[in-house]
Amino acid sequence: MSAPEKAALTEAIVASGLEARFGARTIFSGIDVNVVPGRISGVVGPSGSGKTTLLRIVAGLAKPTAGQVDRPALQPAGGIGMLAQNPRQVCNPRWTLRRLVAEPATIGRRSCDVESIAERVGLEVSLLDRFPGQVSDGQLQRVCLGRLLVQAPRFVFCDEPTSMLDPVSARAVVAILQCLVDDGAGMMLVSHNRRLVERRCAEIVELGGSRVSGR
Ligand SMILES: Nc1ncnc2c1ncn2[C@@H]1O[C@H](COP(=O)(O)OP(=O)(O)OP(=O)(O)O)[C@@H](O)[C@H]1O
């Protein structure tokens with residue numbers, strides 16, 4: 001490994017020898033993955049192979065039954081951001097879109113220009129005073145992206161972020177995620193869309209099979 005590669009890993013989440021077992025069932029074992037600033041690590045595999053479980057372990061939301069995850073020191077508020085498959089499961093239905101987008105700034109007691117964030121993610125400003133039940137899945141996923149831009153996390157964990165969206169919305173979501181990465185975030189992306197993963201990811205973990213590649 002070259003010196004710059006070693007330096008990049010000191011800022012990365014480095015997971016090695018991960019195993020997940022539920023009861024007597026081993027879902028995966030011996031998985032190594034790095035989430036490196038400015039790069040996307042992809043996770044692919046058939047349904048039930050453990051992609052979400054791996055994402056949750058690397059994000060620190062679940063513990064592996066073996067192996068370890070080393071993370072750089074992170075600020076609690078800006079450290080880790082998540083983008084879920086179904087935005088309705090993570091957006092408070094009683095909050096306006098404006099409040100949802102601004103929440104990370106509210107928590108951090110800072111101001112944010114919600115309207116310019118909305119424009120950046122392609123969300124019509126006229127929708128900002130609506131509630132989640134009054135907009136489409138694609139519009140609500142853009143709200144979640146807006147929240148991520150406000151939060152500006154160092155690491156972003158995305159679980160099938162485009163699978164509920166039409167192709168136009170999906171392309172828009174991917175473009176904004178790529179902007180976060182270009183701005184220096186490290187990203188882990190779970191997707192059934194192998195083409196997307198092969199095109200965007202520097203490293204790919206294939207579950208239900210073998211480790212694939214690093215570039
Ligand atoms: N808390 C749990 N207790 C028991 N089994 C679990 C638990 N969480 C996940 N599993 C099982 O582990 C396996 C992997 O689940 P996971 O959701 O990680 O797969 P996945 O690859 O993300 O699937 P999909 O592509 O369908 O979303 C599944 O068989 C699931 O039923």
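Biologist: Which residues does Val 58 touch, not counting those up to four places away in sequence?

Modeller: Val 58 touches Ile 13, Ala 15, Val 33, Val 35, Val 69 and Met 188. Keep in mind that this is a predicted model. Each of these contacts counts because the two C-beta atoms lie within 7 Å.

Biologist: What part does Val 58 play in the largest nonpolar core?

Modeller: That core has 60 residues, and Val 58 is among the five that touch the most other members, along with Leu 54, Val 101, Val 156 and Phe 157. Helix α5, residues 137-151, gives the most to this core, with 7 residues.

Biologist: Back to helix α2, then. Which of the residues in α2 are buried?

Modeller: In α2, residues 51-59, the buried ones are Lys 51, Leu 54, Leu 55, Ile 57, Val 58 and Ala 59. Gly 60 follows the helix, and its phi is positive, near 90°.

Biologist: Why is Pro 64 called buried?

Modeller: Let's set the value against the cut-off. A residue is buried if 20 or more other C-beta atoms lie within 10 Å of its own. Pro 64 has 21, so Pro 64 is buried. This proline sits in the loop between α2 and β4. Leaving aside neighbours within four places in sequence, Pro 64 is in contact with Leu 18, Glu 19, Ala 20 and Ile 57.

Biologist: Nice! And which element gives the largest share of the shell around the ligand?

Modeller: α2 does, with 3 residues. The residues around the ligand include Phe 22, Ile 27, Lys 51, Thr 52 and Thr 53.

Biologist: How many residues of that shell are nonpolar, polar and charged?

Modeller: The shell divides into 2 nonpolar, 7 polar and 1 charged.

Note on methods
Residues numbered from 1 in each chain as written. Predicted model: local features only at pLDDT ≥ 70, side-chain atom pairs only at ≥ 80, totals over all residues. Buried ≥ 20, exposed ≤ 12 C-beta atoms within 10 Å, placed from the backbone. Helix = DSSP H or I, 4+ residues; strand = E, 2+ residues; numbered from the N terminus. Near = placed C-beta within 6 Å. Nonpolar A, V, L, I, M, F, W, Y, C, P; charged D, E, K, R; others polar. Core = buried A, V, L, I, M, F, W, Y, C linked by C-beta atoms within 7 Å.
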